[in-house]
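Biologist: Please take a close look at one part of this model, the place where the chains meet. Then set it against the rest of the structure.

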Amino acid sequence: MSAPLLNVRDLHAWYGESHVLHGVNLTVAEGEMICILGRNGMGKTTTLRSIMGILRKRSGRIEFAGRDMTAVALHQTARAGLGFVPEERGIFASLSVEENLMLPPKVAEGGMSVEEIYDLFPNLKERRNSQGTKLSGGEQQMLAMARILRTGARCLLLDEPTEGLAPVIIQAIGEVLQKLKGRGMTVVLVEQNFRFAAKVADRFYLMDHGRMTAEFPVAELPAQMDMLHRELGV
Amino acid sequence: MTMIFGVPVQALMGQLLVGLINGSFYALLSLGLAVIFGLLRVINFAHGAQYMLGAFAALLLLTVGGINYWLALLLAPVIVGVFAALVEKTMLSRLYKLDPLYGLLFTFGLALAIEGTFRYFFGASGKPYAPPAQLTGAVNLGFMFLPIYRGWVVVASLAVCIAVWLLIEKTKLGAYLRAATENPTLVQAFGVNVPLLLTLTYALGAGLAGFAGVLAAPVYQVSPLMGSNLIIIVFAVVVVGGMGSILGAIVTGYMLGVVEGLTKVFYPEASNIVIFVIMAIVLILRPAGLFGKDA
């Protein structure tokens, strides 16, 4: 196996005094889509926020495309090719849909053009002059993903994209992820919904109390079902 | 003599004009305060001092450098803006992580230091600054004489307010600014240099105060304390308009200037306090301000 695009070693992170990540190890190959499963409060979101550099109180090694990211300023992280779609989506109320879409600066060539994005998300085109937060939850999720796709980011950190959305929207998001995979996009997906994740992810990590406790490829998912049901309490 | 509501038209129009001129300064200054507060969450008590710096910059450019009013109108705001950028970069930016009170105390102290320094070197009395030759004299509007310079103040401040509003509402830089006002961390995670944006915003707000100072130099006199007298009213304007609301700051600035002018005609005794009475009423009925979003 060639060197992974994203390589996280012994990552610890703190919120104030509270130690929340206890040595996370994670590798993602170029073009791979991995999914981090786990119950609420186990550190999934914190892992993404630490990789992105939003959470600065951390130690360990975060290597992206061969470069150590722990010393990189927050506004330089995106420039290195990491794109972040937060759980709360982060659509700006004082910006129109189109302004939201155009907000993140381009970081590399090879991002989707605005036309391609509007082909992929026709709703956004229709509503491009609306206030960003007037969109439905599903449309806001589409917008949050679309604006990162424009930038040319190589690796997408995607935090619970299906949370609180209707099944038909979840299916649409699944189709978008399939298309991204077809384009060779690398994705780190955080999900609670492993039925959804099973359709798109290549490999799974299970997270518990700030550590990765299991790792298996999608082919082993059926064999892991009992364990997942037990661990996730679903 | 023509009368309206028992008041001579000349007196009414005269005070309306005075109100509009005061309103022009209120609007420019509260706009700068609103821009700074919106993004930096700093209540910039140095705003009056920055306004004074603009006026002194124009005066010194003229007396020392022989640089005329029109160039000073461009240069003085840049000088004040650069000074503000240095202050932000070296001092103010260290306080963002602390309680907002620290920013307020720091800028308050900065204002005292700047004003004290200017008083030491220039004394407390005002120095005249002649309006440019092109803008001296007055025109007869039929119902009153309009001093040309005063008309210019209203036009220039309105133009700058509209330009700043367009910059914030219609440009990419403005979109960064609006987005960073809502969620600076996420905007920075998108690759925008938010610390630089903060510096530029503080410089813009201070530059607006400097511009107002140059405009004010020929109307009032140039004195070290010219800003501290004005800034209290401007804070009331910002509170009435709604902290952080750009449009609110502009509209409320002109509106309260005019209200103050009209009060001088109809009930002069109240003219010094009318803005504060309005502020109290607004705070009771609509604490977020007339244009503020409920936080």
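Modeller: Start at the interface of chain A and chain B, where the rule finds 1 salt bridge. This is a predicted model, so every value here is computed from predicted coordinates. The bridge joins the side chains of E99(A) and R178(B), with an N to O distance of 2.8 Å.

Now the contact itself. On one side, 21 residues of chain A take part, and they touch 18 residues of chain B. The size of an interface is often given as the accessible area lost when the parts come together. Here chain A and chain B bury about 1700 Å² between them. Carbon and sulfur atoms account for 64% of that area. In chain A, the residues that lose the most area to chain B are H75(A), F92(A) and L103(A). Together they make up 35% of what that side buries.

Next, the aromatic rings. Over all chains the count comes to 13 aromatic pairs. One of them joins F204(A) and F216(A). Their centres are 5.6 Å apart, with 20° between the planes. That pair is stacked, because planes under 30 degrees apart count as such. F204(A) belongs to strand β9 (residues 203-208) of chain A. F216(A) belongs to strand β10 (residues 211-217) of chain A. The two are 12 residues apart, and the pair links distant parts of the chain. Both rings have low accessibility values. F204(A) has 0% relative accessibility and counts as buried. F216(A) is buried too, with a relative accessible area of 1%.

Chain B offers a tilted pair, F56(B) with F122(B). Here the centres are 4.8 Å apart and the planes stand at 45°. F56(B) sits in helix α2 (residues 47-63) of chain B, and F122(B) in helix α4 (residues 100-122) of chain B, so the pair ties together parts 66 residues apart in sequence. The two ends of this pair fall into separate classes. F56(B) counts as buried, at 1% relative accessibility. F122(B) is partly exposed, with a relative accessible area of 26%.

Chain B also holds an aromatic cluster. Its members are Y69(B), W70(B), Y129(B), Y149(B) and W152(B). In chain A, a charge meets a ring: the charged end of R195(A) sits over the ring of F194(A), 5.3 Å from its centre.

Then the cysteines. A disulfide is a covalent bond between the sulfur atoms of two cysteines. Over all chains the structure holds 0 disulfides. Take C35(A) as a case. The closest cysteine sulfur to its own is in C155(A), 14 Å away, which is too far for a bond. The cut-off for a disulfide is 2.5 Å between the sulfur atoms. C35(A) counts as buried, at 0% relative accessibility. In chain B, C161(B) counts as buried as well, at 1% relative accessibility.

Last, the backbone of chain A. A65(A) is a residue other than glycine with a positive phi, near 50°. A65(A) lies in the loop between β4 (58-64) and β5 (67-68) of chain A. At 42% relative accessibility, A65(A) counts as partly exposed. H209(A) also has a positive phi, near 45°, and is likewise not glycine. H209(A) is found in the loop between β9 and β10 of chain A. Those strands hold the stacked rings described above: F204(A) is in β9 and F216(A) is in β10.

Notes: Residues are numbered from 1 along each chain as its sequence is written. Chains are lettered from A and ligands numbered from 1 in the order in which they are written. This is a predicted model: local features need pLDDT of at least 70, side-chain atom pairs count only at pLDDT 80 or more; totals for chains, interfaces and linings use all residues. Side-chain values use heavy atoms; hydrogens and water are left out. Rings of Phe, Tyr and Trp (its six-membered ring) pair if their centres lie within 6.5 Å; planes under 30 degrees apart count as stacked, over 60 as edge-to-face and the rest as tilted. Helices (H or I, at least four residues) and strands (E, at least two) are DSSP runs, numbered from the N terminus. Buried means under 20% relative accessible area, exposed over 50%, partly exposed in between (1.4 Å probe, protein chains only). A charge sits over a ring if NZ of Lys or CZ of Arg is within 6 Å of the ring centre and within 35 degrees of the ring normal. Contact means heavy atoms within 4.5 Å. Buried area is the accessible area (1.4 Å probe) that two parts lose on being put together, summed over both. A salt bridge is a side-chain nitrogen of Lys or Arg within 4 Å of a carboxyl oxygen of Asp or Glu.
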